[in-house]
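Visitor: I have a structure to look at and would like some company. Could you walk me through it?

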Amino acid sequence: MSSFSITEPSRTQKWVAGALVVGYALITLLPLIWILTTGFKSPVDAISYPPKVFFEPSLEGYVNLFTTRTRVSPEQLQALPPPASWYEEIVRNRDMVIAGPSRYGERFLNSVIIGFGSTFLSVFLGTLAAYAFSRFKVPLKDDLLFFILSTRMMPPIAVAIPIFLMFRSLGLSDTHLGMILLYTAVNISLSVWLLKGFIDEIPREYEEAALIDGYTRFQAFYKVVLPQAATGIASTAIFCLIFSWNEYAFAVLLTSGTAQTAPPFIPTIIGVGGQDWPAVAAGATLFLVPVLVFTILLRKHLLRGITFGAVRK
Amino acid sequence: MAEIVIKNLKKKFGDFTAVQSSSFKIEDGEFFMLLGPSGCGKTTTLRMIAGLELPTSGEIYIDGEEVGQKPASQRDIAFVFQMFALYPHMNVRKNISYPLVSQGMPRAKVREKVAEVAKILGIEDIIDRPVGGLSGGDRQRVALGRAIVRNPKAFMMDEPLGALDAEFREHMAEELRALHDRMGATTVYVTHDQLEAMQMGDKIVVMNHGVIEQFGAPQDIYDKPATLFVADFIGSPPMNFLRFHGSVHPGTDQVTLHHHTFNVPVMREPFEGDMVFGVRPEHVSLDDESGYRGEILAAEYLGTTQIITINAPNGELKARIPSNQSVRPGETVGLAFNAATVTLFDNQSGRALTSALNEGVLSHG
């Protein structure tokens with residue numbers, strides 16, 4: 001290994017490299033595997049020590065996640081008609097009955113509305129702004145771009161109190177609109193800067209050709225620039241979604257009822273009827289799914305997006 | 001097809017003047033070259049004609065209509081870019097049909113037109129391929145196809161052969177010229193390659209620093225350069241410049257260089273001071289009887305001719321002589337010039353002095 005060579009690596013080298021990759025993957029995936037398995041454990045298995053690697057899978061965590069339950073006495077339980085569904089049976093085994101649905105569904109829906117809403121808005125506004133900054137003479141362009149970037153120069157939570165007061169007096173506290181606007185404000189700088197980079201890379205000749213071919217400036221943007229920028233738009237959208245989907249601090253501070261997203265809600269599950277770790281884990285597992293699906297759908301673009309600028313066309 | 005008239009066209013980018021008050025006229029059906037070194041304003045001029053840049057002042061008439069401040073989409077011209085600018089997310093057919101789609105032409109008609117153009121350009125076999133994998137020449141043909149499919153009033157071409165390799169460029173230049181002759185379309189073509197300009201153009205405008213140095217037929221520009229810049233820029237090797245001090249009057253037909261008298265075309269204007277005696281290398285010959293002598297520094301063999309570099313009393317010069325004439329570096333030879341082809345320049349301003357040779361050209365240049 002003393003000199004750099006481009007020959008085929010030896011069998012040992014391949015084996016060592018493979019082991020390193022697998023080892024690293026295991027370490028990074030361990031917390032995820034932990035959460036995933038805990039969701040299917042019984043409450044006793046979930047807190048057993050040493051931790052159980054093999055266990056009898058149960059859907060109790062998921063049932064508890066989606067329901068609210070009340071404890072009843074054994075006599076009352078006897079008096080009830082037999083359980084009508086598998087989930088009711090799981091609940092009855094714990095001397096409880098289902099009192100109604102939990103709020104997880106609502107909170108999850110809030111996350112979807114706010115997360116995807118702010119992602120759409122960030123990317124939409126970001127694309128228009130980036131195009132303008134990339135192609136037109138904008139007065140004070142550099143200062144404006146710096147100003148947009150400067151909103152990232154401190155942690156957003158540092159301005160939590162002014163935002164809290166502002167939201168309260170504007171009536172935006174605990175509203176979907178408020179959270180969408182807030183996350184958009186945080187994401188827009190990332191979106192403008194990333195997309196400007198992508199659009200700068202698209203040669204102007206394409207639009208000029210379209211202008212000559214009889215299209216208006218907007219048509220040229222829409223039909224020629226946008227398809228070229230699809231890669232950049234997709235990867236920017238993923239970054240924006242990951243931020244707004246996972247955001248916790250502002251969500252705790254500014255939402256409590258109507259517009260509460262899943263991240264601040266999931267920890268509260270634990271308080272309902274003891275230390276219900278499987279339900280918390282189930283909530284966290286389901287919460288991962290949309291970002292995962294979204295990322296997989298845009299994966300083709302993301303890969304190109306991450307390496308953008310690395311290869312000159 | 002259309003005639004294009006440019007009047008006092010000017011373009012400033014901030015403090016920088018890219019094009020200074022240009023005026024010229026492109027006749028209907030002409031293959032018109034905008035020639036000059038990079039940064040001379042030729043591309044800016046072309047882009048102003050196309051509507052991709054708006055002029056700071058001045059007028060542009062296409063087919064008699066003033067279009068100076070109109071957007072490109074309303075000028076009905078086609079543009080071929082140096083890097084082709086084919087829409088990368090569309091295949092060949094879509095690229096070519098794109099200008100027709102914008103006009104709202106019915107689909108069947110579009111197909112028919114595209115097929116016709118593909119046939120003219122010989123690209124029928126690649127019509128459904130994505131543009132990404134095409135060779136430079138095929139991309140060039142597709143770009144041309146996109147330009148001609150619409151039958152525009154005029155074509156603008158910005159160094160369309162610049163991205164091709166040398167061997168193929170020659171072939172494509174012929175193809176372009178043949179296409180032009182067949183369609184008879186007014187074409188404005190930007191190039192920095194003087195050979196390309198001479199080879200293809202009906203008329204040439206030579207620009208430098210945003211100023212038009214000369215405007216005319218290739219032969220006139222080559223034989224009767226209006227300025228030192230043109231004489232130097234056109235021709236390979238360029239015109240020889242022998243600097244001397246002297247005076248001429250209308251009617252003078254001789255000048256004296258280093259005590260030797262040389263015939264020149266009959267002068268039409270008076271001048272006194274530092275002058276330049278300009279003579280093309282092919283009009284320099286070796287003459288043992290001439291008292292004007294110089295030492296041969298080098299000889300470059302070019303097949304039928306050779307270029308020899310001679311250290312003459314008024315400066316270094318190059319001569320193009322038959323390659324069967326044997327010369328050796330270090331040898332001293334006598335020099336003669338073909339008097340009818342000589343141009344005298346004002347050394348200070350670079351302007352050619354009017355003589356019997358160039359009076360016809362300079363009067364409207």
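What follows is a set of questions and answers about this predicted model.

Visitor: Gladly! What are the domains of chain B, and how many Å separate their centres?

Guide: Chain B is divided into domain 1, covering 4–223, and domain 2, covering 238–355. Its C-alpha trace spans about 75 × 45 × 35 Å along the principal axes. Taken over C-alpha atoms, the centres of domain 1 and domain 2 of chain B are separated by 39 Å.

Visitor: How many helices and strands does chain B have?

Guide: Let me set the scene with the chain itself: of the 365 residues of chain B, 42% count as buried. Among its contacts between residues at least 6 apart in sequence, 66% join residues at least 24 apart. The secondary structure of chain B comes to nine helices and 20 strands.

Visitor: In the open sheet of six strands in chain B, which strands stand at the edges, and why is one side of each left without a neighbour?

Guide: The order in this sheet of chain B is E6-E7-E8-E3-E9-E10, with mixed pairing. A strand at the edge has a single partner strand, so one side of it is left without a neighbour in the sheet. In chain B, the strands in that position are E6 and E10 (211–216). As for the twist, from one strand to the next it averages 15°.

Visitor: I'd like to follow strand E9 of chain B. In which sense, parallel or antiparallel, does it pair with E3 and with E10?

Guide: Strand E3 (residues 31–35) of chain B joins E9(B) over four bridges in the parallel sense, and there B:Phe32 stands opposite B:Lys203. With E10(B), strand E9 (residues 203–208) of chain B has five bridges; B:Val205 stands opposite B:Phe215, and B:Met207 has B:Ile212 as its bridge partner. So the sense is parallel with E3(B), and with E10(B) it is antiparallel.

Visitor: Which residue in the hairpin of E9(B) and E10(B) takes a positive phi?

Guide: Strand E9(B) is mostly covered, with five of its six residues buried. Between E9(B) and E10(B) the hairpin has two residues, and the positive phi, near 50°, belongs to B:His209.

Visitor: Which residues have the most contacts inside the largest nonpolar core?

Guide: That core has 126 residues, and its largest share, twelve residues, comes from helix H11 (residues 217–246) of chain A. A second, separate core has 16 residues, including A:Val91 and A:Ala279. Leaving aside neighbours within four places in sequence, B:Val188 is in contact with several residues, among them B:Ile4, B:Phe32, B:Leu46 and B:Met156. Those with the most contacts inside the largest core are B:Met156, B:Val188 and B:Leu344.

Visitor: How do the residues of the side of chain B that touches chain A divide into nonpolar, polar and charged?

Guide: Here 17 residues of chain B are in contact with 14 residues of chain A. On chain B, strand E6 (77–80) and helix H2 (92–102) each supply at least two residues of that side. The residues of the side of chain B that touches chain A come to 13 nonpolar, four polar and no charged.

Key. Residues are numbered from 1 along each chain as its sequence is written. Chains are lettered from A and ligands numbered from 1 in the order in which they are written. This is a predicted model: local features need pLDDT of at least 70, side-chain atom pairs count only at pLDDT 80 or more; totals for chains, interfaces and linings use all residues. Two residues are in contact if their C-beta atoms, placed from the backbone, lie within 7 Å. Ala, Val, Leu, Ile, Met, Phe, Trp, Tyr, Cys and Pro count as nonpolar, Asp, Glu, Lys and Arg as charged, and the others, Gly among them, as polar. A nonpolar core is a set of buried Ala, Val, Leu, Ile, Met, Phe, Trp, Tyr and Cys residues joined through C-beta atoms within 7 Å. A residue is buried if 20 or more other C-beta atoms lie within 10 Å of its own, exposed if 12 or fewer, and partly exposed in between; C-beta atoms are placed from the backbone. Domain bounds come from an automatic or database domain assignment. Two strands pair if DSSP finds at least two bridges between them. Axes are lines fitted to C-alpha atoms, for helices over the stretch in contact, and angles run from 0 to 180 degrees between N-to-C directions.
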